[in-house]
Every structure is written in structure tokens, then in C-alpha cells.
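I am opening this notebook to record, entry by entry, what I looked up in a structure that is new to me. Each entry takes one topic and follows it from there.

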Amino acid sequence: MACGNLFYPLLITFSVALITYNIILAANAPLKQELPGPSKSSSIYVDPVIKMPMDRSKLYGSGSRKRLFHTAVTASNSVYNTWQCRIMYYWFKKFKNGPNSEMGAFTRILHSGKPDNFMDEIPTFVAQPLPAGTDQGYIVLNRPWAFVQWLQQADIKEDYILMAEPDHIIVKPIPNLSKDGLGAAFPFFYIEPKKYESVLRKFFPEDRGPITNIDPIGNSPVIIGKDSLKKIAPTWMNVSLAMKKDSEADKAFGWVLEMYAYAVSSALHGVGNILYKDFMIQPPWDTEVGKKFIIHYTYGCDYDMKGRLTYGKIGEWRFDKRSYDNTVPPRNLPLPPPGVPESVVTLVKMVNEATANIPNWG
């Protein structure tokens, strides 16, 4: 019994020592020597932005078994992250068993280091945060470290992982969009490896190949083989820490630094990605849901009462997740005025349905 009581503290101590050791390496040793990656003879498949066939039988043949993926969402225990996770999980459950779905289990990876009040509502793995001060106020650095812990310690049944975020709303059943050893990822217009080649070469040396081997992606949304992610995650953690400590990289990449770190790490391990534009939409810029699978509500939606976008100026009608950083959105938010795009209307209706049906909302 005494051994059992000692095991968890020893595990935490070892984990903190390990991450501290990695931080020292990232800060003081040549990155090229410290990061695992593919052999120099390996090649990285660079895929254009393409559409995936929606007839799954064309990919696997009739009667093939489903290739289930596990949906994983990292989050802190803040009010802001928690209400988003509750809404996200509500819609995950609604579509999990729908037509063409290859959605398996779900895990919220909570990197606060301790359980919260929603463990019974949302399947949760508690990860330890980075040592105090390591994130330098950039809390997103906890994401790769949390994934490292989850991948090492959790019993994940599925062979694939969908990395998602709290502010994702699933709008239809999601099939496994990855194939042939490639991940499936959403291309972000603001991830520009070519533009920042001189900075990225500190972390992706020339002997690793052309800079175009780095895909214009973040870690989310990405569907990837579990074994591939287990290799990428420690590198992603180390590259993120090294970039944050590098003043030039930190200034160049800002709030998307961790996204660049994932893209670099994927390339270092020779894991290419299908760049799938139909993975998600981002209102208000994307105006129709169409065949997309996810609504990402990262941007504020501001309109006047005639349905005209007033971006950069608080609208007469607005929905912005940042309005609810310390409190949950109330039930039955007012719908947008006539003329507002379908994507925004759908977003607010889905938030309202979730909050109306989630027990003990607020």
C-alpha cells in the first residue's frame, strides 16, 4: 500500500525532471542534434489541396471495417475553455454514430494537473502542466506536453487520432479523411513556411529537404495515425519550447508559434498531410457550411441590424467567444438579424441547442 502511495508522486517528479531536461536541451544544444527525425534518405510526400472522395467504398472497398479515430481536445480548467468543451462534446455525441462516421471515443486532455467538476460529464485525462514559468505566459505550450503524457499513459483503442480544439463544433459525422500513411489537415492561410524560411531553417535544417516539406498546418484539426503521432509529439514539444526561447522565432510566429512547431515536427518525421480545405469553416469569413465537418468559431462575428459585417467594430449584434471568458454564454442567445450568412446563423443555433440541453448549464 505504501508503494502505491509513493508511485504517483514519483511519477510526477520524474515527469517534471524529464521536461526540465528537455527544456535545457532545447535552449542550449544545437537543435539539429537533439530532435529525432527521418533518415536523410527518407522522402516526404507533398500533397496539393485536394478533395477527398466521400464514397468510402472507393477508398477501402465494400465491406471494409471502419478505421476509427479517437477525438482528443486539450484544455485548461478555465471557465472559458470549459464551456467550449461542454458544447463541443455535446455535438460530438450527436454525430458519433451517424452515417459515414468513423468517430471513436473522445477525451478531453485537461492540462491543469488536477480533476475538475466535469470529469463525469466529459471523458477526461488529467495531464500535468509545464513547470511554472516555462510557458512564459503562452499557455498553448502546454498542448504538446499534454499530448505526450496522454499518448504515453492512456489506453487508446483506436489506431487514429483527431486532434481538435474546444472551439470546434462538429456539424456532421466525420469519416477518417487520412489515407496511405498521410495525415489529413486543414490548411491555414497564415501558416507560411516559405515566407519564414530563414527562421524555420533553425529548426528544419536544409539536409531535411526543401522548405515546402513543411505543410501550412497546425496540429488541429488533424487526423493522423496514432503511431505517427507518438513519434511526432515529443519533437513537437521540444520544437515549441525551442521556438519560444528563440527571440526571432517568437517574434515572427507570435500566437501561432505552436502551430508552426507542429508543422515542422511532422515534416521532421516524414509525415505528409492531405491538405483538406473542406475540413472546417471559420465564420464570419466562411459564409456557408456546405460539406464541411467543423465550425471553428475563433473569430468574432459583428453585424449591424441590416446584416452587414462590421468586423473590427463591435456590432449591434455580435457573437464572440471572448465575450464569455469569465462566464458561460446564457441560454437562448439572440439569433442574428436577417442577411447574416448561414454559417453564423448555424453557429448560434448550435450553441443554443447545446446550452438548452446540457444539464446544469451555468
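**Entry 1, M243 and the core.** I began with the contacts of M243 and, leaving aside residues up to four places away in sequence, I found that M243 touches L200, F203, A249, D250, F253, L257, Y260, A261 and V264. I keep in mind that this is a predicted model. I then looked up the largest nonpolar core, which has 103 residues, and noted that I169 and M243 are the members that touch the most others.

**Entry 2, I169 and its sheet.** From the core I followed I169 to its strand pairing, where its bridge partner in strand 10 is I295. Strand 5 and strand 10 (residues 294-296) run antiparallel and are joined by 3 bridges. I traced the sheet further and found it to be an open one of 3 strands, in the order 5-10-9 and with mixed pairing. Strand 5 (168-170) and strand 9 (280-281) are its edge strands, each of them pairing on one side only.

**Entry 3, strand 4 and its two partners.** I next asked myself which strands pair with strand 4, and in which sense. Strand 1 (residues 69-75) pairs with strand 4 in the parallel sense over 5 bridges, whereas strand 7 (residues 222-225) pairs with strand 4 in the antiparallel sense over 4 bridges. I found L162 in both pairings, since T71 has L162 as its bridge partner in strand 4, and L162 in turn has I223 as its bridge partner in strand 7. I also checked how covered strand 4 (residues 160-164) is, and 4 of its 5 residues are buried.

**Entry 4, helix 4.** I wanted to know whether the length of helix 4 (residues 79-95) agrees with its number of residues. At 1.5 Å a residue its 17 residues should span 24 Å, and the end C-alpha atoms lie 25 Å apart, which agrees. Helix 4 is mostly covered, with 13 of its 17 residues buried.

**Entry 5, the largest pocket.** I closed with the largest pocket, for which the computed volume is about 600 Å³. The elements that give two or more residues to its lining are strand 1, helix 4 and helix 9 (257-268). Helix 4 provides the largest share of that lining, 3 residues. The lining has 27 residues, and those nearest the centre of the pocket are N81, V140, R143, E165 and K321.

Definitions and conventions
Residues numbered from 1 in each chain as written. Predicted model: local features only at pLDDT ≥ 70, side-chain atom pairs only at ≥ 80, totals over all residues. Heavy atoms only, no water. Expected span 1.5 Å × (residues − 1). Buried < 20%, exposed > 50% of the residue type's maximum accessible area, 1.4 Å probe, protein only. Pairing = 2+ DSSP bridges. Core = buried A, V, L, I, M, F, W, Y, C linked by side-chain atoms within 4.5 Å. Contact = heavy atoms within 4.5 Å. 1 Å grid on protein atoms, 1.4 Å probe; cavity = no way out; pocket = protein on both sides within 12 Å on 5 of 7 lines; lining within 4 Å. Points joined across faces, edges and corners; volume = space filled by probe spheres on them.
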